[in-house]
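Here are some notes on the aromatic rings, written for a reader who is new to looking at structures. Please keep the model open while going through the points.

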Amino acid sequence: MKQKLPDYKNCIANLANSILEEFGIKEENRQGLKILEPYLEKGYENIVVILLDGMGKCIMDKNLERDGFFHTHFVGEYSSVFPPTTVAATTSMASGQNPSEHGWLGWDCYYPQIDKNVTVFLNRESGTNKPAADYNVAWTYCGYENIPLKIRNHGGNAYEVTPFMEPFPETFKEICQQIKVLCEKPGKKYIYSYWNEPDSVMHTKGCESKESKQTVRDLEEQVRLLCAELKNTLVIVTADHGHMDAKGVAITDYPDIMECLVRMPSIEARALSLFVKEDKRKQFEEAFHKAFGDKFLLWTKEQVLEKKIFGTGREHPVFRGMLGDYLAVAVSDLYICNTKREADAFIGVHAGLTEDEMIIPLIVVEKK
């Protein structure tokens, strides 16, 4: 299985910084996405980014016709961030920062301030329905100003079209309709949109299932219909990460590993942050290598920081405290969950260091 490291000079955070530059905002030590520059230079009135969750380059290749709308408007591939997962990558798209800078590392993060693993987007203690705190933990400790807000604060026009914001569109068709209405407003503007497919269907049905294939083709058709109605608009279609089919195991089935841990793993099932008892490190390393040696890379915290796997730039003040003593990263078709129920729940997964998970497409549609 081909491994792929993130490229922090050619990744989704660079796309975000290209948008900022287009609206006159140049931030220190930031660079844009080179492949996008020739299109932005043409001065379109509307800049639209449509982020389709999980639609990596491999998902396009496996599920869409080569003469279809997405492939014929495909201009190049580039990198997600590490881990290639929604929490980390969409936050990089929203902020223009790498994960080590913004601190939104994955689905479950350890926050040393409250000594808890928290399911970030849900603000719950990991593995429970219990609120992590009476405030939003991630936003309290890792809050940031997003790209649309920066543009508006700079005097420009910017909008977000997602299921989580008014008017809370419930279908991708509704999202496209909302984009069309916004594009008809006068003046230069940025429109960012997000949809949770095909990620959602691939998790439960697999990457090449008939349901996933139909979903990806429906998304492609909706974007084609939308673009047919736009003028003076640059439409950029991309993804936060790719996907692959894999099988899961529960870490609780490995007692010789469990007895070494201070707390349950965090971040992701293919990028596990592991806090290990000081006197159990040798046992942990031996037990982990015996169980998963050919399936996962195991790095110490020092190696993780040296490799800058979570990105370059100024580290967030809480970043190092969120990292365990070890990071286990998937390079095969296996993922490690905290419970048997979770291990049995998914077919399509992401967040590891394979090419299928890391490489995302840049699709560009120019409407004069």
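1. The charged end of Lys-57 is placed over the ring of Phe-74, and the distance to the ring centre is 4.8 Å. Please bear in mind here, and in every point below, that this is a predicted model.

2. A comparable arrangement involves Arg-263, which lies over the face of Phe-275, with 4.5 Å to the ring centre.

3. Turning to rings that pair with one another, the structure holds 20 aromatic pairs. One of these is formed by Trp-104 and Trp-139, whose geometry is edge-to-face, with 5.1 Å from centre to centre and 70° between the planes. This pair links distant parts of the chain, since Trp-104 is in the loop between helix 6 (99–102) and strand 3 (108–111), whereas Trp-139 is in helix 7 (residues 137–142), and the two are 35 residues apart.

4. Is Trp-104 buried or exposed? Trp-104 counts as buried because its relative accessibility is 3%, which is under the 20% cut-off. Its partner Trp-139, by contrast, has a relative accessibility of 42% and therefore counts as partly exposed, a class that lies between the 20% and 50% limits.

5. Phe-310 and Phe-319 form another aromatic pair, also edge-to-face, with 5.5 Å from centre to centre and 70° between the planes. Both Phe-310 and Phe-319 are buried.

6. Which residues do ring pairs link into a cluster? The cluster consists of Tyr-254, Phe-284, Phe-288, Phe-292, Phe-296 and Tyr-326, and I would suggest finding these residues in the displayed model.

Key: Residues numbered from 1 in each chain as written. Predicted model: local features only at pLDDT ≥ 70, side-chain atom pairs only at ≥ 80, totals over all residues. Heavy atoms only, no water. Phe/Tyr/Trp six-rings, centres within 6.5 Å; stacked < 30°, edge-to-face > 60°. Helix = DSSP H or I, 4+ residues; strand = E, 2+ residues; numbered from the N terminus. Buried < 20%, exposed > 50% of the residue type's maximum accessible area, 1.4 Å probe, protein only. Lys NZ or Arg CZ within 6 Å of the ring centre and 35° of its normal.
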